[in-house]
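I opened my notebook for a friendly look around this one, going from empty space to rings, core and backbone. Here is what I looked up, entry by entry.

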Amino acid sequence: MAKNKKGFWREAIRVTKENDPAARTALEVLLTYPGVKALAAHRLSHWLWRHNLKLLARMHSQFWRFWTQIEIHPGAEISTGVFIDHGSGLVIGETAIVESNVKLYHGVTLGGTGKDKGKRHPTVRQGALISAHSQLLGPIEIGENAKVGASAVVVTDVPANVTVVGIPAKVVRINGKKDVEKIMTIEERREASYHSSHL
């Protein structure tokens, strides 16, 4: 456990300094970055949750919500190497899964739609970037290295290596390029998937 803790802190500092040019020193990151504090606190909340101390886990997570303005449900699964920038207003729901090297910005919601049972929050795959105030709703999957634009509302899966923007979010880039034919094909598949899951 001690080795695991040390690995978390080292990785949190590395990821923060790598992604934020304003982060000058390890001490500054540890003392002034709410995203790092929220992720560290979540590790304990999640441990309590997994060990069936659910009320204590919720109380602990709510205490850190007050201090960081970041709400992470103790049931959420979050890998090391996640970067939360600013973070104010960020919400991560109970069944959300966030893999390593994901970047989350302030105001992001990984939420439910209110009608799903079981897995009801998004899965965000490795390397994805979720921009400020994006709303990802339901048991959707955001593919590896995908990018979600600011204030987008995402209600269907996002394939790997694409960029989506808008309300509802639509694909605008694939591997950083605007390939209209491929974009139309992906959008048709996403539309069909959305309608088949809402019949």
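**Entry 1: empty space**

I began with the largest cavity, which holds about 60 Å³ of space. A note to self before going further: this is a predicted model. My search for cavities of 30 Å³ or more returned 2 of them. I like this kind of search, because rolling a probe the size of a water molecule over the atoms shows where empty space is left.

Next I asked which residues line the largest cavity. I wrote down Ala-38, Ala-41, His-42 and Ser-45, then Ser-61, Trp-64 and Thr-68, and finally Ile-70 and Ile-72. I also checked which elements supply at least two residues each to this lining, and found helix H3 (34–50), helix H4 (54–68) and strand E1 (70–72). Helix H3 contributes the most here, with 4 residues. Sorted by class, the lining has 5 nonpolar and 4 polar residues, and no charged ones.

I then turned to the second largest cavity, with a volume of about 40 Å³. Its lining is made of Ala-12, Val-15, Thr-16, Gly-35, Val-36, Leu-39, Val-82, Phe-83 and Ile-84. Two or more of these lining residues come from each of helix H1 (2–19), H3 and strand E3 (83–85). By class I noted 7 nonpolar, 2 polar and no charged residues for this second lining. H3 is thus on my list for the largest cavity and for the second largest.

**Entry 2: rings**

I searched the whole structure for aromatic pairs and got 4. I looked at one of them, Phe-63 with Trp-64, which is edge-to-face: the centres are 5.5 Å apart and the planes make an angle of 85°. I can call this pair edge-to-face because its 85° is over the cut-off of 60 degrees.

Are these two rings' residues buried or exposed? Neither label fits: Phe-63 is partly exposed at a relative accessible area of 45%, and Trp-64 is partly exposed as well, at 26%. Both values fall in between the cut-offs of 20% and 50%, so "partly exposed" is the term to use. Trp-64 had already appeared in my first entry, as part of the lining of the largest cavity.

I also followed the rings outward and found one aromatic cluster, formed by Phe-63, Trp-64, Phe-66 and Trp-67. Elsewhere, I noted Lys-54 over the face of Trp-49, at 4.3 Å from the ring centre.

**Entry 3: the nonpolar core**

How many residues does the largest nonpolar core have? I got 41, and the ones with the most contacts inside it are Leu-104, Ile-130, Leu-136, Ile-142 and Val-154. Seven entries went on my list of elements that each supply at least two core residues: H1, H3, E1, strand E4 (90–92), strand E14 (162–165), strand E15 (170–174) and helix H5 (180–197). H3 comes up again, giving the largest share of this core with 4 residues. For background, I jotted down that in soluble globular proteins, nonpolar side chains tend to be buried together.

**Entry 4: backbone oddities**

I kept one rule of thumb at hand: most residues other than glycine have a negative phi, and most peptide bonds are trans.

I found a cis peptide bond from Ile-167 to Pro-168, with omega near -10°. Pro-168 sits in the loop between E14 and E15.

For phi, I noted Asn-52, which has a positive value of about 65° though it is not a glycine. Asn-52 belongs to the loop between H3 and H4. Its relative accessibility is 60%, over the 50% cut-off, so I logged Asn-52 as exposed. Gln-69, also not a glycine, has a positive phi of about 65° too. Gln-69 lies in the loop between H4 and E1.

**Entry 5: two spot checks**

I picked Val-91 in strand E4, which is partly exposed with a relative accessible area of 28%. From its C-alpha to that of Val-15 is 20 Å, with the two positions 76 residues apart along the chain.

My other pick was Gly-111, in strand E7 (residues 109–111). Its relative accessible area is 10%, under the 20% cut-off, so Gly-111 counts as buried. The C-alpha atoms of Gly-111 and Trp-67 are separated by 21 Å, and the two residues are 44 apart along the chain.

Notes:
Residues are numbered from 1 along each chain as its sequence is written. This is a predicted model: local features need pLDDT of at least 70, side-chain atom pairs count only at pLDDT 80 or more; totals for chains, interfaces and linings use all residues. Side-chain values use heavy atoms; hydrogens and water are left out. On a 1 Å grid over the protein atoms alone, a cavity is a set of points where a 1.4 Å probe fits but cannot get out, and a pocket is an open set with protein on both sides within 12 Å along at least five of seven lines; lining residues have an atom within 4 Å of a point. Grid points are joined across faces, edges and corners, and a volume is the space filled by probe spheres set on the points. Ala, Val, Leu, Ile, Met, Phe, Trp, Tyr, Cys and Pro count as nonpolar, Asp, Glu, Lys and Arg as charged, and the others, Gly among them, as polar. Rings of Phe, Tyr and Trp (its six-membered ring) pair if their centres lie within 6.5 Å; planes under 30 degrees apart count as stacked, over 60 as edge-to-face and the rest as tilted. Buried means under 20% relative accessible area, exposed over 50%, partly exposed in between (1.4 Å probe, protein chains only). A charge sits over a ring if NZ of Lys or CZ of Arg is within 6 Å of the ring centre and within 35 degrees of the ring normal. A nonpolar core is a set of buried Ala, Val, Leu, Ile, Met, Phe, Trp, Tyr and Cys residues joined through side-chain atoms within 4.5 Å.
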